[in-house]
Amino acid sequence: MIPEGLIAALRAARHVAVLTGAGVSAESGIPTFRDAQTGLWARYSPEELASPEAFRRNPKLVWEWYAWRRRLVAEAEPNAGHYALARLERLVPRFTLITQNVDGLHRRAGSTDPIELHGSLARARCSAEDTLYDTWDEGDELPPRCPACGAYLRPDVVWFGELLPQAALARAWEAARSCDLFLSVGTSGLVEPAASLPRLAYGKGAAVAVINLDVRPSAEGQLFYLHGKSGELLPLLVGSLEPGAEP
Ligand code: BV8
């Protein structure tokens, strides 16, 4: 199930970097962007809603989409894949977790310092002054307004066409450049600049493994590709490092 070469690379690794996408939260019941949206949201595409234009055009609709996702996340639990990555962090000399997800499930599973490239559903920010809020009153008027200036609050996530948080991105580039094993897990690898991280790692001589349901034995840069569910494959991979594992 797990190629011997990958287990060897993991055991020898000084620095393991991991990039996760919506696929790692799928087994927690959180729909990925690729999944057909359900119910009220069936007629919208995420790319449509996750944009400054959509928020300008219909702030209430966009806020309600994120409120729906926030409720899904509140009812969800991390899955075995999230917990395996939280264990991996303690089993290797240096570990960097980079996530495109905004659901906070890595932190809830015990990962201590995930790089949240695309922000977090748990925070809102003033659409005029960028003031951050961990809590807000969700009253009759949606979106809620900034208590300081009265402008609409928006989710503290990165929308299509928006720049990623520069400090987070710099940390992610550095990890891709310096790791000796890069795992890309549960991401379609379509969205830039996150999608370039595995290629950068490979170009710098790291071993690269892709764990995905629809893995395509594809482009350069993929030394290993594991077709399957991250909630099943990650515990197997991390288990190969744990005391008592088969030599
Ligand atoms: C930027 C947060 C500079 C919000 C997200 C034209 C105009 C403007 C920009 C662009 C343009 N053309 C290209 C761009 C760049 C654009 C981009 O890449 N577009 C793509 C669509 C071509 N990128 C940007 O805009 C970024 N900013 O570049 O700034 C700039 C600025 C202006 C102009 C030019 C450049 C900002 C991108 C961030 C967008 N925000 N999320 C929110 O969540 O609401 S991205 C969002 O979609 C996710 O975070 C994720 O990264 C991405 C894809 O989502 P999904 O497909 O659901 O998830 P994923 O890709 O991870 O796929 C799921 C995978 O899991 C599948 O492969 C599936 O098989 C697998 N899977 C499913 N179940 C399992 C599984 N695998 C394992 N186990 C399972 N159980």
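**Helix α5, domain contact and salt bridges**

Helix α5 consists of 17 residues and spans 24 Å between its first and last C-alpha, close to the 24 Å expected at 1.5 Å a residue. The model described here is predicted. Many positions of the helix are shielded from solvent: Pro59, Leu61, Val62, Trp63, Trp65, Tyr66, Ala67, Trp68, Arg69, Arg70 and Val73 are buried in α5. The cover over these buried residues includes the helices α3 (46-49), α4 (52-57) and α7, together with the strands β4 (119-126) and β6 (153-157). In an α-helix there are 3.6 residues a turn, so residues three or four places apart point the same way.

The protein is divided into two domains. Domain 1 comprises residues 1-30, 78-118 and 164-247, and domain 2 comprises residues 31-75 and 121-157. A distance of 28 Å separates the C-alpha centres of domain 1 and domain 2. Domain 1 contributes 12 residues to the contact, and domain 2 contributes 11 residues. The accessible area lost when parts come together is often used to give the size of an interface. Between domain 1 and domain 2 about 900 Å² is buried, and 58% of this area lies on carbon and sulfur atoms. Across the interface of the two domains, 1 salt bridge is found, along with 3 residue pairs in polar contact, both residues being at pLDDT 80 or more.

In total, the structure contains 14 salt bridges. One of them joins Glu77 to Arg108, with the closest N and O atoms 3.9 Å apart. Glu77 is in the loop between α5 (59-75) and α6 (80-91), and Arg108 is in helix α7 (residues 105-109), so the salt bridge ties together parts that are 31 residues apart in sequence. Glu77 is exposed because its relative accessibility, 51%, is over the 50% limit. Arg108, with a relative accessible area of 38%, is partly exposed.

A salt bridge is also formed by the side chains of Glu174 and Arg94, at 2.7 Å from N to O. This pair links distant parts of the chain, as Glu174 belongs to helix α8 (residues 166-178) and Arg94 to strand β2 (residues 94-99), 80 residues apart. Glu174 is partly exposed at 32% relative accessibility, and Arg94 is partly exposed with a relative accessible area of 36%.

Further salt bridges are connected to one another. Arg107, Glu116, Arg123, Arg125, Asp130 and Asp156 are linked in a network of salt bridges. Within this network, the side chains of Arg107 and Glu116 meet at 3.5 Å, N to O. Glu116 also forms a salt bridge with Arg123, where the closest N and O atoms are 3.9 Å apart. Arg107 is partly exposed, at 43% relative accessibility. Glu116, by contrast, has a relative accessibility of 12%, which is under 20%, and therefore counts as buried.

A further buried position is Ser230, located in helix α10 (residues 230-239). The relative accessible area of Ser230 is 5%, so this residue is buried. When neighbours within four places in sequence are left aside, Ser230 is in contact with Gly23, Val24, Glu27, Gly81, Val185, Ile211 and Pro235.

Notes. Residues are numbered from 1 along each chain as its sequence is written. This is a predicted model: local features need pLDDT of at least 70, side-chain atom pairs count only at pLDDT 80 or more; totals for chains, interfaces and linings use all residues. Side-chain values use heavy atoms; hydrogens and water are left out. A salt bridge is a side-chain nitrogen of Lys or Arg within 4 Å of a carboxyl oxygen of Asp or Glu. Helices (H or I, at least four residues) and strands (E, at least two) are DSSP runs, numbered from the N terminus. Buried means under 20% relative accessible area, exposed over 50%, partly exposed in between (1.4 Å probe, protein chains only). The expected span of a helix is 1.5 Å times one less than its number of residues. Contact means heavy atoms within 4.5 Å. Domain bounds come from an automatic or database domain assignment. Buried area is the accessible area (1.4 Å probe) that two parts lose on being put together, summed over both. A polar contact is a pair of N or O atoms within 3.5 Å; within protein, one must be able to donate a hydrogen and the other to accept it, and residues adjacent in sequence count only if both atoms are side-chain atoms.
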